[in-house]
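Here are my notes on this model. Please read them with the structure open.

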Amino acid sequence: MFEGESVQVPVGPQHPALKEPTSFMLTLQGEKILQIAVRLGYNHRGIEKACEERTYVQGIYLIERICGICSHSHATCFVQAVEEIVGIQAPPRAQYIRTIVAELERIHSHLLWLGVAGHEVGFDTLLMYSWRDREIVMDLLALLTGNRVNYGINTFGGVRRDISPEQKADIFTRLNALEERTKYYVSVATQETTLINRLRNVGVLSPADAVRMGAVGPTARASSVDRDIRRDDPYLAYGEIPFKVITADCNDVYGRTLVRVGELMESYKMIRHALEHLPDGPIAVKAPRKVPAGEALGRYEAPRGEDVHYVRGNGTEKPDRVKVRAPTLANVQAVAKMLEDRYLADLPIVVAAIDPCFSCTDRLTEVRRADGPSSVLHWEQLRQYGIEWHRRHGIDFSKLNNSFRCPEDH
Amino acid sequence: MDAQFVYQNLYDLFYMLVFPGLLFLIAFALFAEYVDRKLHARLQHRVGPPWFQPLADVIKLAAKEEMTPRLADRRMFLMAPLVALAATATAFLYIPTWKSDIRYHFEGDLILVLYMLTVPTVTFFLGGWYSRSVYSMIGAARAVMQLFAYEVPLFLCILGPALLANTWSISKMAAFYQVHPAFAALNILGLGVCLVALLGKLERVPFDIPEAETEIVAGSFTEYSGRLLAMLRLTIDLETIVGAALIAAVFLPFGLGLPAAAGFAVYLVKLLAVVCVLTVMRSIMARLRIDQMINLCWKVAAPLGVAQVLIDLVAKGYLPRGYLQ
């Protein structure tokens, strides 16, 4: 096909394989990928900046909305960093409840991923099955927190809802059902020939490359990089709950699937253990509204990998700076490497295999014309641009931020 | 013009356009699409569409705005769906229904039908290529690559039974296997390979590579909309039925001698059974890559096709002459 000459194929910013806008510009020779240019920056939302304009408590709810899937991860990571600056610690029961919600979130995220992976390789039945079973855990989360996503369970110094004994029993029953289903998925992933054909030796990332490119989470663990924040730098109740860090030495998408399915099985055990050993006591301690000057770094093993939040306080009710490093930013660098010498058909599954979340990652908006130079607008320029644009359209905002002035007399 | 001549022509028209020609074919194809979608949905724990959904889809598409890309070759872009639809509908006329002595048949209609079934793929290629979108062009190239992979096993597996029946006419093949049903058992291998090849022809999972949604949007069909897309969708539905009818006529010679009503029922059941097998196959598999598909067809399906031809040749040589008319 296309005898020797190469063609440019845009995958994105709008493309059925992508659930969020992002761009992969492929240079293909036949079916083979010669070159790939990844470009982020289609859904920057300015959440970090917005956090500086809000109080810490408002910040929790905003931060929770960074991601629709690992919402608890971001919220907990932020809360932990702030608690460190303030110098308070959530009571043990609260830590356990946060852990239980965190693991339930991992379950729903990994089941979701399994379905997406199935869809990317044209195996829609797997998508329908795993998303149906994901409803069990979504219902559980709604039962515990009142919401299916954006649980709002965290607050500074603890959690906002307790787990009742009846809820506990309910979790046990539903976990059993989920475990049964997950065993079935393990057998599908390890036995279904067409699926294995599409996953095995695809998106290879050697252990050395995984470390060099800073891959995190299941992406790294599937390349034998034995790293897990839950074990390496225990937070919440992870220091007290026994669990195995699942790794695989396949280095490919198949390995990433095995790691995620294996983590599901571990999560069930961890939740059971946490529920059985749920300490008594209060679920929250009182936290001050004002956070003293100081800085802290929160680390958290989100379903997609290590999530890092940096928070700097300045003694007021609002943070001085919040910085979020979502796991996708760490993993997305490796995608181009994984796709070297691969085929167009591998692109969707290789991209999906890092479980990307582009809107969590985007930190700037770049303006590009189709055939012109690109430019980056800084905050002041963007503000100036906005003012100019509105002035051209007959509205003058330039005086808005100044103190009130009486209209000039004419 | 005598009455007989007028009557003959009218009957020809009725046969071609109404029953069992175009109108019946379209109605049955839409019903088969419903069966396919409903079964697919039930296998995936979904509810599935109501029975009229395929027809509603066609009507909806037909009512929509039709756009031709600016760079596309408009004539080729318009011709492709028309030619594909016409070729598929024509092929159906030469395939035995519930009796083997149908109105249109001649020595060699097997080749005509196989050729007519290749035409849609070629037109999908041309339509996709001339719409000048990268997704369409890649889809078009893939469609042709896939064509070269599945056509050989398909032809070999139909050639075998034809050799055994000693004819190039599908009707006569059906008649032969109706008289000697035991011989049909020799062609089981061919039936399996044909079903796989048909999946390739219909561009269904695991061989939906030319229209792989997550890779190239909709392949050749990316730029099609409105009536033209409705026509393409209908063509694929018709192809399903024509392919199923061909497989039923060649490999499943049951119920051909029955009275009209019973024979018709058996015929419908046979076709729907083939459709259901195709549905189950697409429900339980992932999409292969084009290189894997070509490997599978050339390294597994084609040798099996050759084996089928050998089986039939040996059977023809060693079985008592009397059986072969």
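How many residue pairs are in polar contact across the interface of chain A and chain B?

1. The rule finds 12 such pairs, both residues at pLDDT 80 or more. A polar contact is a pair of N or O atoms within 3.5 Å; within protein, one must be able to donate a hydrogen and the other to accept it, and residues adjacent in sequence count only if both atoms are side-chain atoms.

2. This is a predicted model: local features need pLDDT of at least 70, side-chain atom pairs count only at pLDDT 80 or more, and totals for chains, interfaces and linings use all residues. Residues are numbered from 1 along each chain as its sequence is written, chains are lettered from A in the order written, and side-chain values use heavy atoms, without hydrogens and water.

3. Chain A brings 33 residues to the contact and chain B 29 (heavy atoms within 4.5 Å). On chain A's side, 18 are nonpolar, 7 polar and 8 charged; Gly counts as polar.

4. The interface has 3 salt bridges (a Lys or Arg side-chain nitrogen within 4 Å of an Asp or Glu carboxyl oxygen). One of them joins A:Glu31 and B:Arg142, at 2.7 Å from N to O.

5. Which helix gives the most to the side of chain A that touches chain B? H5(A) does, with 5 residues. Helices are DSSP runs (H or I, at least four residues), numbered from the N terminus. Helix H5 spans 124–145.

How values were computed: Helix = DSSP H or I, 4+ residues; strand = E, 2+ residues; numbered from the N terminus.
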